[in-house]
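Q: Could you take me through how the chains meet in this structure? I have not looked at it before.

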Number of protein chains: 4
Amino acid sequence: MKKGIKIVTIGGGSSYTPEIVEGFINRKLSGELPIEDLYLVDIEEGKEKLEIVGSLAKRMIEKSGADIKVHLTLDRREALKDADFVTTQFRVGLMEARIRDEKIPLRYNLIGQETTGAGGFAKAQRTIPVILDICKDMEELCPKAWLINFTNPSGIVTEAVLKHSKIKAIGLCNVPIGMVNVIAELYGVSADRIYIEFAGLNHLVWGRNIYKDGINVTQEVLEFIAKGKSPNMENIPDIELNKELIEALGVLPCPYHRYYYLSDTMLQKCLKDAEEKGTRGEVVRELEESLFELYKDPNLNIKPPQLAKRGGAHYSEAAVNLINSIYNDKKDIQYVNIRNNGAILDLPEDVAIECNCVIDKNGAHPIHIGHLETSMRGLTQVVKAYEELTIEAAVSGDYNQALKALTIHPLVNDSIKAKKVLDDILEENKEYLPQYKK
Amino acid sequence: MKKGIKIVTIGGGSSYTPEIVEGFINRKLSGELPIEDLYLVDIEEGKEKLEIVGSLAKRMIEKSGADIKVHLTLDRREALKDADFVTTQFRVGLMEARIRDEKIPLRYNLIGQETTGAGGFAKAQRTIPVILDICKDMEELCPKAWLINFTNPSGIVTEAVLKHSKIKAIGLCNVPIGMVNVIAELYGVSADRIYIEFAGLNHLVWGRNIYKDGINVTQEVLEFIAKGKSPNMENIPDIELNKELIEALGVLPCPYHRYYYLSDTMLQKCLKDAEEKGTRGEVVRELEESLFELYKDPNLNIKPPQLAKRGGAHYSEAAVNLINSIYNDKKDIQYVNIRNNGAILDLPEDVAIECNCVIDKNGAHPIHIGHLETSMRGLTQVVKAYEELTIEAAVSGDYNQALKALTIHPLVNDSIKAKKVLDDILEENKEYLPQYKK
Amino acid sequence: MKKGIKIVTIGGGSSYTPEIVEGFINRKLSGELPIEDLYLVDIEEGKEKLEIVGSLAKRMIEKSGADIKVHLTLDRREALKDADFVTTQFRVGLMEARIRDEKIPLRYNLIGQETTGAGGFAKAQRTIPVILDICKDMEELCPKAWLINFTNPSGIVTEAVLKHSKIKAIGLCNVPIGMVNVIAELYGVSADRIYIEFAGLNHLVWGRNIYKDGINVTQEVLEFIAKGKSPNMENIPDIELNKELIEALGVLPCPYHRYYYLSDTMLQKCLKDAEEKGTRGEVVRELEESLFELYKDPNLNIKPPQLAKRGGAHYSEAAVNLINSIYNDKKDIQYVNIRNNGAILDLPEDVAIECNCVIDKNGAHPIHIGHLETSMRGLTQVVKAYEELTIEAAVSGDYNQALKALTIHPLVNDSIKAKKVLDDILEENKEYLPQYKK
Amino acid sequence: MKKGIKIVTIGGGSSYTPEIVEGFINRKLSGELPIEDLYLVDIEEGKEKLEIVGSLAKRMIEKSGADIKVHLTLDRREALKDADFVTTQFRVGLMEARIRDEKIPLRYNLIGQETTGAGGFAKAQRTIPVILDICKDMEELCPKAWLINFTNPSGIVTEAVLKHSKIKAIGLCNVPIGMVNVIAELYGVSADRIYIEFAGLNHLVWGRNIYKDGINVTQEVLEFIAKGKSPNMENIPDIELNKELIEALGVLPCPYHRYYYLSDTMLQKCLKDAEEKGTRGEVVRELEESLFELYKDPNLNIKPPQLAKRGGAHYSEAAVNLINSIYNDKKDIQYVNIRNNGAILDLPEDVAIECNCVIDKNGAHPIHIGHLETSMRGLTQVVKAYEELTIEAAVSGDYNQALKALTIHPLVNDSIKAKKVLDDILEENKEYLPQYKK
């Protein structure tokens, strides 16, 4: 007989880990998820952090009374053996690589951001070979396990897995759930009374219709937002979209749309911030250091409230909800990244999209979308083409695909800049990019 | 019994007219096209030019011995009655409007170009209401006539006609035929030995395969071009694409791709040119003035060689070839703009595309294309979305569609700049934009 | 403030009415549906039946203690005024027309069945003009009401409404819910533990995957069925599919598939039954007469158990569940007929399909399907083409469309027979087919 | 330097060979095709026929003065080495197998025809393994050669090659060219003045528009045909379509449509013919025997006129025209079978379709078709699904695919009959069906 659930978290030394641990504790206590083992896996360079956050996890579990065994290990294969769910939140090259991703584009007057534009491209090049390696291990050691990916760029990484592996994978992001929460706050109601029909790509998703208690309140929400109450996230500078655009769109853009809709303003902001207070990565690095200081406190046995500022709120909520609905065949609706398969008619069938899915024991089933409105369609299509080329480049190490990817990206849009930024990325990440053989 | 062919040229006072007249003369003399009447139509403001160029046309015909009656008129409806072919080469707002189209975007550090980006948007807003008016007249007065459009932006204008009129319309451009000629020159062979498989949109078309005498020479040509022999056109600053991009693409870009692939360089060039020697429109204005001075010479009875510098070479060749193949059911292959209908699977069915078509008495039949390669696809899709929104805006006068169109255009790509440039365009063109009721 | 719900049932004099009334009573008593008014509407010819069944409905409600006002009327427009939900279960031409539909095809050695083949074609020709008339009234009198159609052929009728009216319409059928119940019985579990992924057309729907408690049991179920335990319905002769076919399919066919997969056997059975015991319509006519005798009993105040034999089991369950989920924004999954919109990639976007949908206050949202397996695809496509032509014929009265529809139908498949059966149908139904003007 | 062209004809002992030889002679003499070697290849069982027809070929060439070397061989690999064009006209199992294909279906009251229905299915099962074997040899011995297939069922065989081999293949049929000739005769004009827009599948192709000298005469032609002048072919019983159907269709069906549009009549005719005068195969067997008697005559050095009755008129014309246009990069339009690639939007991209193509040195480029009219679409889709399953079965030997293929074929349409006919086919062809391992 099957015993309790075995969960593996790759990148277990992440500062986010207390969030997901809290989520697991709650579901175990409620009786929904009979979690027996939680493996936190990291690599040699992350060993110290793994120890710190792993010890906190153990204290949290002990305090809660939930009967979950926590295992800390650097041996990924041992951890994966017979796993039921694998979550990923690792960062190839650590925070230093992120900071480089943010800074290289700025040299050429291009937006430098962790997941979008040239920075996101660099992150994808480092991450995809590693995730595919993990999947190869999973195919051998736990072929029936679910991979719940929230390693960024989440949509691109998930698509790489869907195209190049047999592992059942679902990509997650905290953006949609964050947007639901913002609308709920706007109305002063609980999040479960708000429902949004999402469609698009990860970090380029729109809320096409917004419902409060089943009533379509999209226009009302957009009017609110046009007045300045825009949804925001910790990771993104808080710049408001112009109200004329919001009215013209008629749909709710996500926080990352600022990079596309206000590219000039955001570039200036990135440049200024980098100079005055450091890039977001540099800010986060400090934040993380102080978080780890907190985590070391042997008396701390709950998730510290300071973690909320880190920018990943709702990640753990999304992951735990997803695992819960799969395990319990709940058939509820969640916002995830999944193979398109034609749900958005304007995109190829084999790419990843972000949309509303019915979640059951057999995975995520997209609620059909059809065609996107023209302006959403055009932007989505060009960014998706960039993403496909990015994956091809990451898998093959083909410079030509990489150059084409960056050239058509709306935040680069120039082949000379594309070449310069690409050459710098390849040079400064070469230890992480074995696929690019010169 | 049907008598000879009646051709109507709207915008007959254009400086290009001697080209097309020369084409008509040649086909009449060769016996291919029994042209009986040629109506040159213009508007009140163009009366003087019409007189000048019309007189030249008459002298050219007399000299040639071709028996074609030339009619000069400001009465469009009289001209259209029972026409067989209607060609359009008019310019709403005259050269002054073009110069404005080029200058307004420069204010906001955006590329200012006649047919591409915000400038092309402005031209489309002025032109579409007029072409649809012409089509309404045609539906009444010559419903079976063919409309051969080469009014720019030719693809957008043709799509507007295909969507909003019952008139049989084919859009023309001199870009593909120009590219064929450049390749022919490269090899020192006649143009009929070069064949290119084109696919894309007007002014955003790629040669996917290039053949010399049926042999695929695409790679060879790209290597030539990577070494600096890029195809160029008079209307476009002669900036070379970087060779890494050309290699990565593996297909032949058109001259207008420079605006997309070298957006930064081209912007700087536009700004510099505007300051130092005037925009292309200002240069052309002078050129045209000197052309009209030439045309006035009562002894001139041939197309003056100076016309070649004007930038529209091959327009008349394209138009006369097309009329000839339709009239004579030739089933040869020409490069035209036509309803997609699924020939490019990655675009909506009801949009205009530019591609190779078999031309016969019943029109232009696209040779099937299928899917575009990923990087071509992404760029084509976002520009097409811009074009569709541009047409919606031009037909309805809907500010929201206009703002979305400009916001997603790769050469604008920012909603704040989009709003500013849009507001200026609407204000400074208001006499030509009755559809925008405030 | 909105008062209670107003429901209108067109064809209220149907023998099925006690079923749906029972459903309404239960939901009212449970507090889920605050139904205030129930209008049972019928036509002059159905007045007597309306009185009988309407009186029974009133007695049932009184007995139950549910506070619902029942109105019996021949004035459809009065009933529709401000309705919230309109259900349809009418039969143009009454049972006599059905019997003709069954008999005419038999003359030409064609299967004669109420909803499938030439018989279903005839029923569609009579029904579509009437339903579109009802929709026209609804557009005027209750434009926001939901039309819940289960008038057969339900998929075709629903598609006609979706194509030719603005009314929000959802088509229902008892086949999917019936299949779920059969599988539940097979396992001896309650129906809510069985979940089937349906895809196809009304009366041509397959269960692509069958789950018990979230576990895929499709192969197991097919093995059961291959051994002879095939799902059946009262309206369809109980002939077993050959086990080789079931194995080859790998999916669960619906009861109506027998007409396609066993066309020869079913034809012989139809011919024999017609001769020996009368067509299904004739059997049902007697059944209905005895039902109405029962209904007349002034002491009867519950749904009589004999109704179960009538063949429409689960209709009311489907309808009441659907209304409940719409009204209460339940976001549960039901099996309905809805605009394809690309959910099945192999069919046109504007046709009706039958599939799993998430039901909320805003209607039915299909769970995306993608491509059908090849053999399902081929059959579905040809039957859908028949359906589209059938609707075109019914709306326009175009003989050519009708002839093409029948010629390609797999159960006719011969233009000479198609013509003969069509001519008889048109002649013998002419009072109900004003659209066919000779 | 490349010497003259090397052509290989597989199935060189066919009675058709004198036709294609005549074609090669004419093109060689005209200077269009510098054919140097013609290899006629056959198998051991066909050795005698190969000798007879090969000797005739040599006499024909000698008489003509064309300098072509004819090689007769049983060694396929020797023949294929460095070939430029390979044509195929072989018959696995010889005429005896064809006669069985025609007779087995008749046992179950199903149409028995060489290429359509269950007979065509059987032929495909025998032929596909052999053609794929030939292609494997070609990949090794002449990877750049063109395969010109007219082995029946030509569309299915071509699709199998396109899906399972890298060889450049084009499928041919004499049906379209035959229809053009019939229309030309109807008007008493030469065939080059008639142009038809074809779309569909091999042996299920429609002429959507018919032009005489570029003028659309479709309606006129259909009226002629409705009066009884239907196009016919020697291989198909001469039964007229009913005029009501022809009017309803509005397009020109091909001769094989009779099997679909007059299935009942054709079945009766097949049954009667089989009893009274033998199946078509039996008739042809006698015809062939007398042809071979003629061929033996050492004084015969031209194509004997009796060959015209054989039923394959225009095959050689089609093949030689195709080779000519490829070799000479002619860019003319021919009617061939080719990968769909989306040219017909209603079919999968990877299937074979029959349509108008521009032929040049690089192959056949379909003129885009778009959507088929509804009734054409439905029939085409179900037959294509049958064809896809037939290919899957032939390649894999999977009984399930075979059973599904036959079950959905409009000329079988019953799974019990499908099983019976399939079992007989497999049993009686087992020596030719190694892929079906029991």
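The exchange below deals with two chain contacts and with the relation between two of the copies.

Q: Before we start, what kind of model is this?

A: This is a predicted model.

Q: How many residues does each chain bring to the contact between chain A and chain B?

A: Chain A brings 34 residues to the contact, and chain B brings 34 residues.

Q: Which elements of chain A give two or more residues to that side?

A: They are helix 9 (243–249), helix 11 (263–276), helix 14 (374–396), helix 15 (399–408) and helix 16 (415–428) of chain A.

Q: And which of them gives the most?

A: Helix 14 of chain A does, with eleven residues on the side that touches chain B.

Q: What is that side made of, by class?

A: The side of chain A that touches chain B has 14 nonpolar, eleven polar and nine charged residues.

Q: Changing topic: what turn lays chain C on chain D?

A: A turn of 180° with a shift of 0.0 Å along the axis does so, and the RMSD is 0.0 Å. That is the relation of a two-fold axis.

Q: Why do these copies meet through the same surface?

A: Because 100% of the interface residues of chain C are also interface residues in chain D.

Q: How many residues does that contact take?

A: It takes 34 residues from chain C and 34 residues from chain D.

Q: Which helix of chain C gives the most there?

A: Helix 14 of chain C, with eleven residues on the side that touches chain D. By class, that side of chain C has 14 nonpolar, eleven polar and nine charged residues.

Note on methods
Residues numbered from 1 in each chain as written. Chains lettered and ligands numbered in written order. Predicted model: local features only at pLDDT ≥ 70, side-chain atom pairs only at ≥ 80, totals over all residues. Contact = placed C-beta atoms within 7 Å. Helix = DSSP H or I, 4+ residues; strand = E, 2+ residues; numbered from the N terminus. Nonpolar A, V, L, I, M, F, W, Y, C, P; charged D, E, K, R; others polar. Least-squares fit on C-alpha atoms with pLDDT ≥ 70 in both.
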